[in-house]
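Here is a set of exercises to work through with the model open beside you. Try each task before you read its solution.

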Amino acid sequence: MGMTDVLIVGAGPTGLVLACDLARRGVAVRIVDRSPAPPRTSRAKGPNPRSLEILDDLGVAEEVLAAGSAPLPMLKYRDRRPVAEADPWADSALSPDARYGRGWLIAQWRLEGILRDRLAGYGVRVEPGREVVGLAQGWDEGGGHDGGHVDVTYADGPDGRARYVVGCDGAHSSVRKLLGITFEGTTAEDQVMVCGDVDLADGVLDRTRWHQWFDEDGAVMLCPIPGTRTGWWFQAGPERDGRGRPLAPTADGFRRLLAHHTALPGRDLTRAELLSTYRVNVRMADRFRAGRVLLAGDAAHVHAIAGGLGMNTGIQDAFNLGWKLGLVLAGHADAELLDTYEEERLPVAARTLDLTSERLRATLEAIRRPGGGLDAAITPDTTGLGVGYRWSSLAAGGPAPAAEQPGPRAGDRAPDAPCADAATGERTRLHRVFAGPRTTVLGFGPGSAAVLRETAGAYGGVAGVRVCRVYAAHEDRAGAEPGAVVDDAGHAAAAYGTGASGDTGAGTVVVVRPDHHVGVLAPADDARSVREYLRRLHGTGRSAERFPGMVDAVR
């Protein structure tokens, strides 16, 4: 029985993002899916700004942008006539601290194809038709990974063994059920929507708009599927029987709904596939980890559809978990680091349940009035850029800054900022500096040079830590280390609240986790906070031999 480091169950966006992140770290990863072939599902309409940053880190954002389209203005109808138009993204002007000001429309099956191709580049392929029916954990008393494993039984084919298993297998997760983890919440049987991918006759509807018909007795929504000529996402209130019970979706039912609510004849709908019924489910697992088995994405939490946060929350789960598994498996961090996955992501999932339920309520209220529509679900909260982990035990390093001080706090998303490479002058961004599976130590101001030198000496080239000096435009850059950047427009200093660094020797040091969240933000003379934090994540690096004082300082 061969052992793999991580077995991922479920090859949707959550599982694929996790697999890509682990594979690029050199982790031995397998990803299985019970479906015999990749499903052409299209429930999720695309990544939000935070997910685009993650996809950028994985090296696929350009391909995702090319395969999709910008979010479309919404054209809203009442009694078959257009009554209002709204573009909820019209004011999403780009700011220096975020490269992506709005989400992107792309069919979920297309996004999954891009991620599968990226994964194949690491020599890993999804294993289809592999259904997990049994999990048995074996671990040592200390909970460490030495000797610990999970035995996996499949419905057919040979059994397997993995050091860790991650269930990314959706709302009906077999992994969650095998663990006996409860999935508390509600299903609103009366809040029902029928969905499908349809073809409309060429030219009958403007493909630069998301069309939304809301009437007293129901609704139809049609959004063009990017990358297709005649394909549309169809969502509607269901047909109902004489007792008011929702009927199952059918192609003819879709045609009747189209004819009833819109000015189009039913025959203009030429094909209907992937028909499904969506009920509002609001549920969450009571824990995201049981020993060596973890849950992510819909296996851990399902939300109301409003705001489009389901797939995005799963992608962000995967990005939180990947680096932690990588450091534990490499022997740099203790297995307790995995406890911070649930500590950080469970409260985010709970808040997302509340947010999406509130957005659904606001949307249902809005569509009762002519001109109301799905734009009621889009708020700054749905970008994902404001999600942070200030409560986390991984955000404890360094003194908390004063409340009025600008810039991020420990646990917050580390802001992006345009800058220039100090050696070549080429344009770059801080998130480009962060990209790849490493922890980054940023140094602002001349006083940060000593901490950066010490960190590079202790960890350089060994444990996935990089250092980057951020020079102000006026600073002397003679002798700048490779990888240093120039904050030529002051955006980085503004984003991190470091002020314009003069030549007084003052400065700030920021430790940025591999998932772009701030671990420590400290004055440059507080080297101890930086040392302690890096030691927790990356062990002692080469410091035991070369920097005995550094090790002693944190014992």
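Buried means under 20% relative accessible area, exposed over 50%, and partly exposed in between (1.4 Å probe, protein chains only). This is a predicted model, in which local features need pLDDT of at least 70 and side-chain atom pairs count only at pLDDT 80 or more, while totals for chains, interfaces and linings use all residues. Residues are numbered from 1 along each chain as its sequence is written, and side-chain values use heavy atoms, with hydrogens and water left out.

**Exercise 1. Classify T187 and find its contacts beyond four places in sequence.**

Step 1. Locate the residue: T187 sits in strand β8 (residues 183-200). Helices (H or I, at least four residues) and strands (E, at least two) are DSSP runs, numbered from the N terminus.

Step 2. Apply the cut-offs: T187 is partly exposed because its relative accessibility is 28%.

Step 3. List the contacts, where contact means heavy atoms within 4.5 Å. Beyond four places in sequence, T187 touches R279, V280, N281 and R283.

Step 4. Check one pair: T187 and R283 are 96 residues apart along the chain, and their C-alpha atoms are separated by 8.1 Å.

**Exercise 2. Describe the chain as a whole and say where its pLDDT stays under 50.**

Step 1. Count the elements: the chain has 14 helices and 22 strands.

Step 2. Look at burial and contacts. Of the 555 residues, 56% are buried. Among contacts between residues at least 6 apart in sequence, 70% join residues at least 24 apart.

Step 3. Turn to pLDDT, the predictor's confidence in each residue, from 0 to 100. The chain averages 86, and 84% of the residues score at least 70.

Step 4. Compare elements: strand β2 (residues 29-32) has the highest mean pLDDT, 98, and helix α14 (residues 548-553) the lowest, 31.

Step 5. Find the stretch: pLDDT stays under 50 over residues 543-555, for which the model has 22 contacts beyond four places in sequence. Where pLDDT is low, the predicted coordinates should not be read in detail.

**Exercise 3. Which residues have the most contacts inside the largest nonpolar core?**

Step 1. Fix the term: a nonpolar core is a set of buried Ala, Val, Leu, Ile, Met, Phe, Trp, Tyr and Cys residues joined through side-chain atoms within 4.5 Å.

Step 2. Read off the core: the largest one has 90 residues, and V6, I8, Y164 and V166 have the most contacts inside it. Helix α7 (residues 310-329) gives the most to this core, with 10 residues.

Step 3. Follow V6: beyond four places in sequence, its contacts include V27, V29, Y164, V166, L325 and L329.

Step 4. Examine α7. Its 20 residues reach 28 Å from the first C-alpha to the last, close to the 28 Å expected; the expected span is 1.5 Å times one less than the number of residues. In α7, 19 of the 20 residues are buried. G331, with a positive phi near 80°, follows α7.

**Exercise 4. Is L18 buried or exposed?**

Step 1. Place L18: this residue belongs to helix α1 (residues 13-23).

Step 2. Classify: L18 is buried because its relative accessibility is 0%.

Step 3. Name its partners: beyond four places in sequence, L18 is in contact with I8, V166, C168, A318, L321 and G322.

Step 4. Check the distance: L18 and D317 lie 299 residues apart along the chain, with C-alpha atoms separated by 8.7 Å.

**Exercise 5. Contrast D79 with H516.**

Step 1. Recall the background: most residues other than glycine have a negative phi, and most peptide bonds are trans.

Step 2. Read the angles: D79 has a positive phi of about 50° although it is not a glycine. For H516, also not a glycine, phi is positive and near 70°.

Step 3. Place them: D79 is in the loop between β3 (74-78) and β4 (81-86), and H516 is in the loop between β21 (508-512) and β22 (518-523).

Step 4. Compare burial: D79 is exposed because its relative accessible area is 51%, whereas H516 is buried, at 1% relative accessibility.
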